[in-house]
Amino acid sequence: MVHVPSLSRRAFVFGSVAVAGGVAFGQYGHAEQAPSSAVATNPLTAELGPNSVTFNPWVEISPEKITLIAQHADKGQGVGSIQALMIAEELDLEPGQFEIRFAGPSPAYFNTGFAHELAPFMAADQSPEAEKARAAALEWLRKAGLQMTGGSSAIPDTYEKLRMAGAIARETLKAAAAKRSGVAAADLRTEAGSVILPEGTKIPYVALSADAAKITPVAVAKLREPSQWRFIGKPMERLDIRSKVTGEMKFGIDRTMDGMVYAAVKLNPNKGQPIKSYDASKAQSMPGVQTILKISNGIAVIATNSWYAMQAAEVVDCVWEPSKYPAEQADHWNVVASSFAPRFLGKEWRNDGKIDAGLEDGTLVEAEYRAPYVGHQPLEPLNGIGIVTDRGMEIWVGHQTPQSVQFIAATAIGMKPEQVTFHNEWMGGSFGHRLEFENIRVLAEIANQMRGIPVKLIFSRKEDFLQDIPRQIAMGRYRGSVKDGKIIAADLQVAATAPFKELQARMGAPTKDPDGQLAVGIWNVYYNIPNYRATSFEVQGLSPSTTWRSVGASANGFFTESFIDELMHAAGLDPLMARIEMCKIPIYRKLLETVGEMADWKGPLGSGKGRGVAFVESFGTAVAEIVEVTMTDAGIKIDKVWVAADVGKVVDPVNFENLVQGGVVWGLGHAMNCELTYAKGAVQQTNYNHHEAMRMYQCPVIEVRGLENDYTVRGIGEPPVPPAAPALANAIFAATGKRIREMPFNKFIDFV
Amino acid sequence: MFDITVNGVRHRVDVVPEMPLLWVLRDELGITSPKYGCGIAQCGACTVQVDGAAVRSCQARMADIAGKAITTIEAVGNGKLHPVQEAWIEHQVPQCGYCQTGQIIQAISLLETIPNPTDEDINEVMSGNLCRCGTYERIRVAIHAAAKKIGGI
Ligand code: FES
Ligand code: FES
């Protein structure tokens, strides 16, 4: 008999999404019922020009041009390119034959890719009940209509639906051409933006737009066999590469508008607190300054140039309301340390075997781990252009959650979300920063005071650091035991601030449910350990925190994979061989074997060299990494990293490699060199010299292999991050005998 | 009033003498390929050529730069792609791309002084250019490839 998960558990997980849909996105009445077809809610229909056609929310053809809509925002991960190419694959378009436009807010762009993450089953679980829960989650997402880029979900969300969007468009264009030419659709083919008649005549798609608009789009189309693919799975040039190499690419920060003014801000560094008073007499008379405005949590300087605005904002004397969280960092850690108590319980996510008996039975191993606050700090600082009139607000800003931008901006100035018109921008990085709203709220407030005038806001780097809502602060208290060369028990307890739950609250959708992100890296652990417990505690009253590339797993993955290493060491086991042996999931075992082959793993290296391995599944994607280091006179040198990741299907291979390498650099660099600490209620690190992450001289060679054994297609933006830190810490232990249990590692050991 | 020449075109700008070149280019002249990243010489996103040398434009005051010839990424290849740009495309270096105009100008300058750099040379010169997306290894590979192109190998 199959075990069916209790309704309450499912309802409970979906419940948090339900609230998100209900509150933040409730303005979309028609999202309440599932659309009968995509066309029913196609947002492109409303603004379609004459003689133009749209077949679904992703394809628009006018007599002049073909436009493909990218529903997932591009923050550098390459989806601006691959989304269009997946449509082009089926629609038979070549690069250069279409324009790409980012989607406006619409429930038609709800993210199907979250279905796996929301269903309370482990990624590898293909049981009927797991699939049923995922199907239910999908239905839920459809109703909620939440359009969000994040959670490494862009490819899982779009892999089928965009190819289908292209195929439907193609077949409808063929139907239009059939009607015009009198040739049966079955005898027509398509190539490079044209329908081709049997005798060879080409009818460009753009010439068919008016005819195609008059017929009902075909309802179903057959997707091509992978063997016929021209783009997917093949090395291809990202469509945005050239413009980024020539300098033509316009990011949000590069946009200009006639008559616009430049704004810079100084905001209360005690996050979430208002301004009490200010003295702007000195700033008022500085060059270029037009006016100085008070907003709810600070001041804004309006000037004729961003630099004038920033210079003047710097010298405004502000009196701030003090922080509600502890002013000093040491007290933050004290609060975390005292949160391993029943009243802070998030959830006991797993309890296998008999944990107490298991712990008593063997040799006890105990360890405490720490992960500090860290910043996102994409290289393009927060910015945006906004214009407010009596009718509403129009905003141009790179963001991952269009509907939330509408909600936040509208709420800030007493308007309704549907009065806010949102335009997305190419982003110079995000890493979770552009899921938050500091710039949105502030820009709305400023533009509201400057009605009718476009305002361009840029955060100075210092302001961006000061307002950056960091990664969760986290501590792991782990116990385990080993006996007869085996790990027989592991009891993993994590206390951390709740990043995703807090983000949901800021989106206007608070929930009382435990933060599922704090389960990642302690719950989805696939080793055969007979007595196993995983518990999260949610720390209250500290700095706000949010999703930071790989979210919960960025800290928990470090704790768990370091501790597993400690247990293996105590049991006298080889860290790679033991992981392979203990791994319960065949395709994950294969991944560990693969990374071992890539590195030619043969056990200890000796002579000041060491290798560490780590394996973490996050967002459904399993990633195994091996790091090799050498102890030199100048400190630890990272020689090489090997990565194997299983994503079911590598859709864009060159970009895949780039993203994996970047994820490793992100994971290593921050683990080695970064933390944000509070003093007097404000973050002490205000530029990159205080928060360097990795620069080129520390960057190793990173060899990447993508595996395609998983049963479904997975994302790769975040999953390479979590294994990097523990693999490095384990390598340092192998080389030096020193266990580092706290990030950043440079507090404990020197790096070259 | 200051005169500057950007990519061969003369401009007259009315700004205070302390204004960094970066903001003159971006906000006064609308040339947005040099990027603002840190404002304090920590990231290299703002790098341009001043009289042929790679300079952090966020640190170059207008008063000191007046009369000099500025080259931004648009003109580094004299109407074509520079071999460094070609290598950047072939190796698909950029992710978000925000740092890359600065990286390319720095790499051009590196190859002008050291035509055949070792990894150590590259690390030395390029470590002032931050890439938050982590494209460092691809940058190294692309620089080696560009060195070969320029050397005609
Ligand atoms: S903006 Fe000039 S070095 Fe960062
Ligand atoms: S490519 Fe994004 S910062 Fe370098």
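In helix 16 of chain A, which covers residues 499-506, the buried residues are Pro499(A), Lys501(A), Leu503(A) and Gln504(A). After this helix comes Gly508(A), with a positive phi near 90°. The model is a predicted one, with an ipTM of 0.98 and a pTM of 0.95. The points below treat confidence, then the overall form of chain B, and then selected sites in both chains.

**Confidence**

- The mean pLDDT of chain A is 94, and 95% of its residues score at least 70.
- In chain B the mean pLDDT is 97, with 99% of the residues at 70 or above.
- Residues 1-40 of chain A are an exception to be noted: pLDDT stays under 50 throughout this stretch. The model nevertheless has 65 contacts beyond four places in sequence for these residues.
- Where pLDDT is low, predicted coordinates should not be read in detail.

**Overall form of chain B**

- Chain B contains 6 helices and 5 strands. Read from the N terminus, the order of these elements is β-β-α-β-β-α-β-α-α-α-α.
- The radius of gyration of chain B is 15 Å, close to the 15 Å that the globule rule gives for 153 residues, so chain B is as compact as a globular protein of that length.
- The C-alpha trace of chain B spans about 45 × 30 × 25 Å along its principal axes.
- Of the contacts in chain B between residues at least 6 apart in sequence, 58% connect residues at least 24 apart.

**Burial, surface and charge in chain B**

- Buried residues make up 60% of the 153 residues of chain B.
- The exposed area of chain B is about 5,500 Å², of which carbon and sulfur atoms supply 49%.
- Chain B carries 13 positive and 16 negative side chains. The centres of these two sets lie 3 Å apart.

**Helix 1 of chain B**

- Helix 1 of chain B, residues 21-28, is mostly covered, with 7 of its 8 residues buried.
- The buried residues of this helix are Leu21(B), Leu22(B), Trp23(B), Val24(B), Leu25(B), Arg26(B) and Asp27(B).
- Gly30(B) follows helix 1 of chain B and has a positive phi near 70°.

**Pro402(A) in helix 13**

- Pro402(A) belongs to helix 13 of chain A, which comprises residues 402-412.
- The relative accessible area of Pro402(A) is 3%; because buried means under 20%, Pro402(A) counts as buried.
- Beyond residues up to four places away in sequence, Pro402(A) touches Pro105(A), Gln147(A) and Phe422(A).
- Pro402(A) and Gly384(A) are 18 residues apart along the chain, and their C-alpha atoms are separated by 13 Å.

**Ala682(A) in strand 26**

- Ala682(A) lies in strand 26 of chain A, formed by residues 682-683.
- With a relative accessibility of 14%, Ala682(A) also falls in the buried class.
- The residues that Ala682(A) touches, leaving aside those up to four places away in sequence, are Pro269(A), Asn270(A) and Thr677(A).
- A separation of 36 Å is found between the C-alpha atoms of Ala682(A) and Gly247(A), which are 435 residues apart along the chain.

**Backbone features of chain A**

- Asn51(A) is not a glycine, yet its phi is positive, at about 55°. Asn51(A) sits in the loop between helix 1 (7-24) and strand 1 (53-56) of chain A.
- Asp92(A), likewise a residue other than glycine, has a positive phi near 60°. The position of Asp92(A) is in the loop between helix 2 (79-91) and strand 4 (99-102) of chain A.
- Asp92(A) is buried, its relative accessible area being 6%.
- Between Met743(A) and Pro744(A) the peptide bond is cis, with omega near -5°. Pro744(A) is placed in the segment after helix 21 (724-736) of chain A.

Key
Residues numbered from 1 in each chain as written. Chains lettered and ligands numbered in written order. Predicted model: local features only at pLDDT ≥ 70, side-chain atom pairs only at ≥ 80, totals over all residues. Heavy atoms only, no water. Helix = DSSP H or I, 4+ residues; strand = E, 2+ residues; numbered from the N terminus. Rg over C-alpha atoms; globule rule 2.2 N^0.38 Å. Buried < 20%, exposed > 50% of the residue type's maximum accessible area, 1.4 Å probe, protein only. Contact = heavy atoms within 4.5 Å. Areas by Shrake-Rupley, 256 points an atom, 1.4 Å probe, with all protein chains shown as cover. Lys, Arg positive; Asp, Glu negative; His and termini not counted. Charge placed at Lys NZ, Arg CZ, Asp CG, Glu CD. pLDDT = per-residue confidence, 0-100.
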